[in-house]
Amino acid sequence: MLKKAPFSAGLVHKSSWTRHIDPGSKFLLMADTIAASMVFSSLSVNLGLILCLLMLNFSAHILHKSLVVLAFSLFLISTMLLIQGLFYAQNQTPIFTIGWLTFYQEGLQHAALLAGRILIITLSACLLMFTMTIGENTIYLEKLGLPFRYVYALMSVCYILPQMHANMRRIQLAQQARGVVGSGRLRQRFRAILPTLIPLIVMTLTRTINRSIALRLRGFESKQRQTPNWQYTYIFARGLHYLLFLGLLALLGGVVWL
Amino acid sequence: MAVETFITLDRVSVKYPNAQDLALDWVSMSVPQFAKVGVIGNSDAGKTTFCQLLAGIIPEMIHARIEGQLQIDRNDTKQKPSIGYVFQDPESQLSGLAETVADEIAFGLVNAGLSESEIDQRVKRIAQELELTSILQQSPTEISGGQQQRLALATVLVVEPDILILDNPTSQMDPRGKAWLFEHLAALKKQTIFLVSDEIDLLCEFADYLCVFAQGKLLAFDIPARVINQADQNHWPMALPAVYQFAKALSKTMAGTYRYPVTLGRLKRVMHDDDD
């Protein structure tokens, strides 16, 4: 796939069918699946989409990586289930009680739908992130004519979870070295994650601020910037674009007409 | 020969929004072109604020109230001098978009619109100078902290800035790596360099001038021998170089002064003169 890449010769692409599919098709697939999960507010459709994406991730040999990212988003999902299950405005039907906390069916259903959408976004983003290199995606989007600052913002959003996960691992290792137990039972693991959250957030924010300063000093917004002249070849790119774009139009049309 | 002033700070004060104290308090100095300036001081002394002010990060990117005047003269080409800044945390320096060390070094050059052949040539040259050639095709996130700091320096040096500002660039390096980097920086002749570091021994060998900050105030800006002798006499809370302590223990002052040497070269000369 990589014809000429003077500064990327060391890249290794996993041998799977996804290496022949262009980033545009993967972006459109992401847009299609997210649109489908928004249009069809049913748990079974969302579950079906999740299963399809899991199979795609599996066939692309990236399921393990994707599951690590999913595990990282479970904290968000569990807080969502807790808050919606207890306090959702349309809660009416109690479903179970833990101590003095009563969970409601409506809230849990709503939270499950939102959780499904998070999983769909994450899995489709994983398909884009882990089957393409960040440089390949960047060059592709730049070649489409998207200004570099928007490309950078988009890439930063896509890759923030894996980067936060790497930072968290680093903080956990440092804390384990200081005697904090980070392995063992689920409860122990959960208790070990809590002290990492504040340094993780502070580290991420500090790095973001410093990186934005460094990028500006390195001519990030320069008008002279040249899009690197690296060539990639893909198969069925145009056909897939039409197909996925039509699918997206149909889904968006469905919102308007149904 | 009179030394031409390149950078002038005239009673400069910096105050961050909602802060009670000044981050920099009435700082004045004149720095000649191509000078090597070591910047020292304890935590919250104002070193990073000083560097960020010089780089234009304050007030362009970080908001703060500034009083006084900072003037950087134009160089011979009448163009605004370019500034390179190296962060203490090397990962902050990296674009995050590069898959290889080579891509990362090339980032600034691609932004500057240079041709591919020019980029290729410059990347190879700087990689060779900073001993990064063997890792050019590795991912920037998978190299050691010391290598990352050298990479951070390479990303800045490759664009050949007129002023180079380094905020503690050796914090993740081993002693050999630190000594190597200081030697490399000392060999740069086309840049005016400001280097923040705690490595007082190396800094005295490297710098033409030392400036000492404490609670935002500039305590001293002078040649290293004068600054270190003054620091000891006034009991400033800072480390003293081993050479200085050794000379003091042996009561070996430099000829014609009451000052002790701070560099190995000067100490050798003092010892040699005494033997004669």
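**Exercise 1.** In chain A, what percentage of the contacts with a separation of 6 or more is made by residues 24 or more positions apart?

*Solution.* The structure is a predicted model. Begin with the elements of chain A, which has eight helices and two strands. Read from the N terminus, these elements follow the order α-α-α-β-β-α-α-α-α-α. Next, take the contacts in chain A with a separation of 6 or more: residues 24 or more positions apart account for 71% of them. As for burial, 26% of the 258 residues of chain A count as buried.

**Exercise 2.** Work out the strand order of the open three-stranded sheet in chain B, and explain why S2 and S4 each have one side without a neighbour.

*Solution.* Step one: the order is S2-S1-S4, and the pairing is antiparallel. Step two: S2 (24–32) and S4 (65–72) of chain B are the edge strands, each with a single partner, so one side of each has no neighbour in the sheet. Step three: ignoring direction, neighbouring strands in this sheet are turned against each other by 5° on average.

**Exercise 3.** Describe how S1 and S4 of chain B pair, and state which helix packs on the sheet.

*Solution.* Strand S1, residues 5–15 of chain B, is joined to S4(B) by seven bridges in the antiparallel sense. Within these strands, B:Asp10 has B:Gln69 of S4(B) opposite it. The helix that packs on the sheet is H1 (residues 47–55) of chain B, and this helix touches S1, S2 and S4 of chain B. The direction of H1 makes about 55° with that of S2(B).

**Exercise 4.** Two residues of chain B, B:Asn18 and B:Trp26, have a positive phi. For each, find the element or loop and decide whether the residue is buried, partly exposed or exposed.

*Solution.* Most residues other than glycine have a negative phi. Take B:Asn18 to begin with: its phi is near 70°. B:Asn18 sits in the loop between S1 and S2 of chain B. A residue is exposed if 12 or fewer other C-beta atoms lie within 10 Å. B:Asn18 has 5 C-beta neighbours inside 10 Å, so B:Asn18 is exposed.

Now take B:Trp26, with a phi of about 60°. B:Trp26 belongs to strand S2 of chain B. Being buried requires 20 or more such neighbours. B:Trp26 has 15 other C-beta atoms within 10 Å, so B:Trp26 is partly exposed.

**Exercise 5.** Is the peptide bond between B:Ile58 and B:Pro59 cis or trans?

*Solution.* Most peptide bonds are trans. The bond joining B:Ile58 and B:Pro59 has an omega of about 5° and is cis. To place the bond in the chain, note that B:Pro59 lies in helix H2 (residues 57–60) of chain B.

Note on methods: Residues numbered from 1 in each chain as written. Chains lettered and ligands numbered in written order. Predicted model: local features only at pLDDT ≥ 70, side-chain atom pairs only at ≥ 80, totals over all residues. Pairing = 2+ DSSP bridges. Helix = DSSP H or I, 4+ residues; strand = E, 2+ residues; numbered from the N terminus. Axes fitted to C-alpha atoms, helices over the stretch in contact; angles between N-to-C directions. Contact = placed C-beta atoms within 7 Å.
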